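Here is a friendly tour of one protein chain, with its charged side chains as the main thread. Have the viewer open as you read.

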Amino acid sequence: MTAIDSGVRGFRDFLTRAGLKSTRQRDAIVRAFFAAGRHISAEELYHQIRAQDPTIGLVTVYRTLKLLRQAGLATERTFGDAYVRYDPTPADATHSHLICTRCGQIHEFQDPGLDARSRRLARSRGFTITEQRLEIYGVCRL
């Protein structure tokens, strides 16, 4: 099963548990969201979907992204610009970000050593980590 199929299935399961309906428009938005494979703003997602289905509105995109967040399938992120972006990576998959302040690109990376040090630090202080973020701002080589 692909990450896209898994995301769609997880979203449909959430809708069923919440007593909500799965619609063609919601399915198209969720598929496009997981297919993007990157941090994406609601506006970017809307323009991408609109090219395939002009009947989908921006409000529907925002509402579906809100449902994805409620389902735990998306995380809302702000990286110092005016846009809120949505991360298709589940919140329990720890990763960090390199953000280019010139071109706006966001590069994800994982560092198990960094994660282990964070857990040790928290544990030594009697602290329970509920969420972890590392954002490094700079300029990429492009």
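Helices (H or I, at least four residues) and strands (E, at least two) are DSSP runs, numbered from the N terminus. With that in hand, Arg-102 can be placed in the loop between β4 (96-100) and β5 (106-109). This is a predicted model, where local features need pLDDT of at least 70, side-chain atom pairs count only at pLDDT 80 or more, and totals for chains, interfaces and linings use all residues. Residues are numbered from 1 along each chain as its sequence is written, and side-chain values use heavy atoms, with hydrogens and water left out.

**Overall layout**

The protein chain holds five helices and six strands, in the order α-α-β-α-α-β-β-β-β-α-β from the N terminus. Its C-alpha trace spans about 50 × 40 × 30 Å along the principal axes. Burial is graded by relative accessible area: buried means under 20%, exposed over 50%, and partly exposed in between (1.4 Å probe, protein chains only). Of the 142 residues, 30% count as buried. Contact means heavy atoms within 4.5 Å; among contacts between residues at least 6 apart in sequence, 51% join residues at least 24 apart.

**The Arg-102 loop**

Arg-102 counts as exposed, at 52% relative accessibility. Leaving out residues up to four places away in sequence, Arg-102 touches Val-139, Cys-140, Arg-141 and Leu-142. The C-alpha atoms of Arg-102 and Gly-138 are 8.0 Å apart, with their positions 36 residues apart along the chain.

**Helices α1 and α2**

Gly-7 sits in helix α1 (residues 3-18) and is buried, with a relative accessible area of 5%. Beyond its neighbours within four places in sequence, Gly-7 is in contact with Val-30, Phe-34 and Leu-73. Ala-36, in helix α2 (residues 24-36), is partly exposed at 22%. Between Ala-36 and Ile-4 the C-alpha separation is 9.4 Å, for a sequence separation of 32 residues.

**Charged side chains**

Side chains of opposite charge can pair when their charged atoms come close. A salt bridge is a side-chain nitrogen of Lys or Arg within 4 Å of a carboxyl oxygen of Asp or Glu. The count by this rule is five, including the three pairs below.

| Pair | N to O distance |
|---|---|
| Asp-5 and Arg-31 | 3.4 Å |
| Arg-24 and Asp-53 | 2.4 Å |
| Glu-76 and Arg-69 | 3.3 Å |

Asp-5 lies in helix α1 and Arg-31 in helix α2, so their salt bridge ties together parts that are 26 residues apart in sequence. Asp-5 is partly exposed at 32%, and Arg-31 is partly exposed at 36%.

Is each partner of the Arg-24 and Asp-53 salt bridge buried or exposed? Arg-24 is exposed, with a relative accessible area of 53%, whereas Asp-53 is buried, with 13%. In the Glu-76 and Arg-69 pair, Glu-76 is partly exposed at 35% and Arg-69 is partly exposed at 30%.

Finally, there is a surface patch of positive charge, where Arg-117, Arg-119, Arg-120 and Arg-123 gather. Patches are made of residues with over 30% relative accessible area and no salt bridge, with like charges joined within 9 Å and nonpolar side chains (Val, Leu, Ile, Met, Phe, Trp, Tyr) within 5 Å. Arg-117 belongs to helix α5 (residues 112-124) and counts as partly exposed, at 44% relative accessibility.

Definitions and conventions: Areas by Shrake-Rupley, 256 points an atom, 1.4 Å probe, with all protein chains shown as cover. Lys, Arg positive; Asp, Glu negative; His and termini not counted. Charge placed at Lys NZ, Arg CZ, Asp CG, Glu CD.
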